[in-house]
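Please work through the exercises below with the sequence and the coordinates open beside you, and try each task before reading its solution.

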Amino acid sequence: MQTILGAGGAIGVELAKALLKYTKDIRLVNRHPEKVNPTDTLMTADLLDPDQLKKAVKGSEIVYVTVGFPYNAKVWQETWPPFMKNVIEACIEEKAKLVFFDNIYMYDPKFLDGMTEETPMNPVSEKGKVREKLVRMIMENVATGKLTALIARSADFYGPGIDNTSMLNEMVIKPLSKGKRANWMASVNYKHSFTYTPDAGRATALLGNTPDAFNQVWHMPTAGNPPTGKEWIEMIAGEFGAKSKYQVASRVILKMMGWFMPVMKEMPEMMYQYDRNYVFNSDKFEKRFKVMPTPYSFGIEAVVNTDY
């Protein structure tokens, strides 16, 4: 049994598709689970309830955490640490392996231009401090031998079928699809990596089913030499056959956008990711598994063809 906690989100769906290559015993857990594969087992649970979480993990060989709590620093501070504590305890009790799908928020902003699995942690945002805490909780239990776990880390992501959880989808693709101006934060002149969600789903499934991949961090396969913000906008506009109109969002504009899109209220503290090159390196994964990430042009074409 391989269990996805937080099934149904952008990564959870792609992961469920990919796991079918390895097992038909797939359990999807969230408040309103829906089948991705015909053989999926569904379990309705409030993952913040320790007893329900234990039941969700029970009998699992591998547990994947792809939960997406509301994008709010206060919510993250209140929910993520106790949730992760309960997940770790449940996995130890069941002797289940843990796969945590993570982001790069805990990395030191000085080292974003060429991020690897060895990039130092030194978060400057409140959400980043939460992510660092989760990583330390997991790896401390790995170090003591109590837990077998791995961290699958992704850059900002994009892909087909995503709603409200991808900055590229929300700020660039959606507006351009309606003939409106794209939005970008801080500056359009810096490179910015994005991980393609189908790549991330396949990679996470592969790692979970590779015994010697555990007890370490892996970067998800992500195309190299990323476009600048301006180049992203031009590439996406070209796919729509539209003009590459855009505005650069300042902190004030982000707060105004927050009236219509609440997630934007949370973005000012993350602007440091857009005022410098943000380049994500996945050489470790690519060399180990001989896997090449989807080129950006192919990914954008797939999103436009699938969703629009």
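The exercises that follow concern helix packing, burial and loop residues in a predicted model.

**Exercise 1. Determine which residues of helix H2 are buried, which are exposed, and how the buried ones are placed around the axis.**

Solution. Begin with accessibility, for which buried means under 20% relative accessible area and exposed means over 50%. In helix H2, which spans residues 50–57, Leu53, Ala56 and Val57 are buried. These residues cover an arc of only 90° around the axis, which puts them on the same side of H2. An α-helix has 3.6 residues a turn, so residues three or four places apart point the same way. On the other side of H2, Asp51 and Lys55 are exposed. As a last step, look for what covers the buried residues of H2: the covering elements include strand E1 (2–5), strand E2 (26–30), strand E3 (41–44), strand E4 (62–65) and helix H3 (73–94).

**Exercise 2. Classify the packing of H3 against helix H4 by angle, and describe the residues that meet.**

Solution. The axes of H3 and helix H4 (residues 126–143) lie 9 Å apart, and the two helices pack at an angle of about 10°. Angles under 35 degrees count as roughly parallel, and that makes H3 roughly parallel to H4. From H3 the contact draws on Ala73, Trp76, Gln77, Trp80, Pro81, Met84, Lys85, Ile88 and Ile92, which meet Glu126, Lys127, Val130, Arg131, Lys133, Leu134, Met137, Ile138 and Asn141 in H4. Sorted by class, the contact of H3 with H4 holds 11 nonpolar, 2 polar and 5 charged residues.

**Exercise 3. Describe how H7 packs against H5 and against H10, giving the angle, the handedness and the residue classes of each contact.**

Solution. Take helix H5 (residues 167–177) as the partner to start with: its axis is 9 Å from that of H7, and the two helices pack at an angle of about 40°. The crossing in which H5 passes H7 is right-handed. Leu168, Val172, Ile173, Leu176 and Ser177 in H5 meet Trp232, Ile233, Ile236, Ala237 and Phe240 in H7. The contact of H5 with H7 is made up of 9 nonpolar residues, 1 polar residue and no charged ones.

Turn next to helix H10 (residues 296–307), whose axis comes within 10 Å of that of helix H7 (residues 229–240) and crosses it at roughly 45°. H7 and H10 are therefore oblique to each other, and H7 passes H10 in a right-handed crossing. On the H7 side the contact is made by Trp232, Met235, Ile236, Glu239 and Phe240, and on the H10 side by Tyr296, Ser297, Ile300, Glu301 and Val304. By class, the contact of H7 with H10 comprises 7 nonpolar, 1 polar and 2 charged residues.

**Exercise 4. Locate Asn209, Asn215 and Lys290, and state how accessible each residue is.**

Solution. Asn209 belongs to the loop between helix H6 (197–208) and strand E11 (217–219), and with a relative accessible area of 24% Asn209 is partly exposed. Leaving aside residues up to four places away in sequence, Asn209 touches Gln2, Leu19, Tyr22, Ile62 and Tyr64. Asn215 also has its place in the loop between H6 and E11; Asn215 counts as partly exposed at 38% relative accessibility, and has a positive phi of about 70° although it is not a glycine. Lys290 is found in the loop between helix H9 (283–289) and H10, where Lys290 has a positive phi of about 55°, although it is not a glycine. At 70% relative accessibility, Lys290 counts as exposed.

Key
Residues numbered from 1 in each chain as written. Predicted model: local features only at pLDDT ≥ 70, side-chain atom pairs only at ≥ 80, totals over all residues. Heavy atoms only, no water. Axes fitted to C-alpha atoms, helices over the stretch in contact; angles between N-to-C directions. Helix = DSSP H or I, 4+ residues; strand = E, 2+ residues; numbered from the N terminus. Parallel < 35°, antiparallel > 145°, perpendicular 65-115°, else oblique. Left-handed = near helix turned anticlockwise from the far one by under 90°. Contact = heavy atoms within 4.5 Å. Nonpolar A, V, L, I, M, F, W, Y, C, P; charged D, E, K, R; others polar. Buried < 20%, exposed > 50% of the residue type's maximum accessible area, 1.4 Å probe, protein only. Arc of directions from axis to C-beta.
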